[in-house]
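Hi,

Here is the structure I promised to send over. Have a look at it first, and then read on for what turned up.

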Amino acid sequence: MDNNTLLLFAGIGALLLLASLVGFVLKRRSGDQPNPVVDNLNARINAWWVMVLVIGIAFLFGNNGVILLFYFVSFYALREFMTLTPTRRSDYPALVAAFYFALPMQYLLIAFGWYGLFAIFIPVYLFLLLPILASLGGDTTRYLERAAKVQWGLMIAVYCISSVPALLTLDIPGYEGRNLLLIAWLIIVVQLSDVLQYVCGKLFGKHKIAPSLSPSKTVEGFVGGVALATLIGGLLCWITPFAFWQAALFALLVCLLGFAGGLVMSAIKRDRGVKDWGHMIEGHGGMLDRLDSVCFAAPVFFHMVRYWWA
């Protein structure tokens with residue numbers, strides 16, 4: 001890690017220490033009475049400690065450590081998605097191809113830096129291969145729906161999430177060897193946008209955006225959270241290759257995409273009749289519950305940055 005990376009993690013650690021102190025004080029003030037809001041806050045803070053620790057360890061191992069981390073993230077995310085998706089016996093060949101061929105191959109291509117193939121491997125070749133494999137069983141019951149679910153799961157859990165470590169393949173003049181910081185910037189801005197939208201919504205929210213999809217999302221929370229996260233993204237330009245205004249524009253883009261991604265993933269959960277994708281992370285639900293915003297922001301951000309310096 002270079003000095004900027006260490007400084008960034010030191011700042012994150014300081015913020016988490018402050019958050020832990022606030023959570024401890026609030027818990028003491030509530031006494032023995034259960035307080036769902038405070039308990040949820042402390043659970044989220046504890047989960048963030050674990051998540052930052054895991055990401056920090058991956059950063060210590062450099063590019064390969066980060067790629068390996070997101071490989072496992074994609075594996076668990078794909079598992080969560082497929083667990084909530086009804087399948088039939090004839091879908092097994094497509095599922096095997098998704099988990100044991102498409103997933104590792106996508107991350108190997110990223111590790112080798114083969115942009116020309118990893119950019120189209122899943123949305124072109126696997127989108128054609130998976131329906132072929134599913135058709136071999138001869139089961140036509142809800143065939144189109146079943147094939148689309150496997151394709152969509154692979155797109156969200158593997159292709160979109162793999163766009164985060166794909167940032168390591170970018171060749172940005174004057175920014176060589178610092179691409180890990182670009183990953184940190186993306187995750188920080190998108191996750192802060194979610195948190196700030198929630199906080200602003202609780203403080204000022206009156207007009208719900210999509211009550212049937214996500215009752216907690218409000219117009220006031222959306223505007224306040226996106227505005228604050230955009231400002232923070234601009235102020236963090238020192239860890240990016242961008243000027244302040246460029247960082248702010250990119251931050252606005254990923255915040256808007258993250259919000260849209262949250263709505264889409266909420267719609268899928270409502271369709272499946274569940275509140276969370278899983279219970280892997282205490283206080284945060286499943287892996288996809290934490291990455292729904294990143295899933296939509298990462299691929300667009302990756303290609304925008306790549307073509308910005310093309």
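A quick bit of vocabulary before the pockets: Ala, Val, Leu, Ile, Met, Phe, Trp, Tyr, Cys and Pro count as nonpolar, Asp, Glu, Lys and Arg as charged, and the others, Gly among them, as polar. Please also keep in mind that this is a predicted model.

Let me start with the second largest pocket, where those classes come in handy. Its lining divides into 17 nonpolar residues, one polar and one charged. The volume of this pocket is about 430 Å³. It is lined by 19 residues, and Met51, Val54, Leu69, Val73 and Met287 are the closest to its centre. Helix H2 (36-60), helix H3 (62-83), helix H8 (179-204) and H11 are the elements that give two or more residues to that lining.

Now for the enclosed space. Rolling a probe the size of a water molecule over the atoms shows where empty space is left. How many cavities of 30 Å³ or more does the structure hold? The count is one, and the largest cavity contains about 50 Å³ of space. If you want to find it on screen, pick out Gln106, Ile110, Phe118, Ala119, Tyr159, Ser162, Ser163, Ala166, Phe302 and His303, which line the largest cavity. At least two lining residues come from each of helix H4 (92-111), helix H7 (143-162) and helix H11 (287-308). By class, the lining of this cavity has six nonpolar residues, four polar and no charged.

Helix H11 also holds a residue I'd like you to look at, Asp292. What is the nearest side chain of opposite charge to Asp292, and how far away is it? It is Lys269, at 5.1 Å. A salt bridge here needs the nitrogen within 4 Å of a carboxyl oxygen, so Asp292 has no salt bridge, although it is buried. What the Asp292 side chain does have is a polar contact with the side chain of Ser293, at 3.5 Å.

On to the salt bridges themselves: by this rule there are six. Asp271 pairs with Arg272, with the closest N and O atoms 3.3 Å apart. Asp271 is exposed, at a relative accessible area of 56%, while Arg272 is partly exposed, at 29%. Salt bridges with shared partners also join Arg142, Glu145 and Lys149 into one network.

Glu145 is the residue to click on there. Its salt bridge with Arg142 has the closest N and O atoms 2.9 Å apart, and for its salt bridge with Lys149 the figure is 2.8 Å. Glu145 and Lys149 both sit in helix H7, four residues apart, which is about one turn of the helix.

Buried or exposed, where does Lys149 fall? Under 20% relative accessible area is the cut-off for buried, so Lys149, at 18%, counts as buried. Arg142 is exposed, with a relative accessibility of 56%, and Glu145 is partly exposed, at 31%.

That's the tour. Shout if anything is unclear.

Cheers

Note on methods. Residues numbered from 1 in each chain as written. Predicted model: local features only at pLDDT ≥ 70, side-chain atom pairs only at ≥ 80, totals over all residues. Heavy atoms only, no water. 1 Å grid on protein atoms, 1.4 Å probe; cavity = no way out; pocket = protein on both sides within 12 Å on 5 of 7 lines; lining within 4 Å. Points joined across faces, edges and corners; volume = space filled by probe spheres on them. Buried < 20%, exposed > 50% of the residue type's maximum accessible area, 1.4 Å probe, protein only. Lys, Arg positive; Asp, Glu negative; His and termini not counted. Polar contact = N/O pair within 3.5 Å; in protein donor to acceptor, adjacent residues only side chain to side chain.
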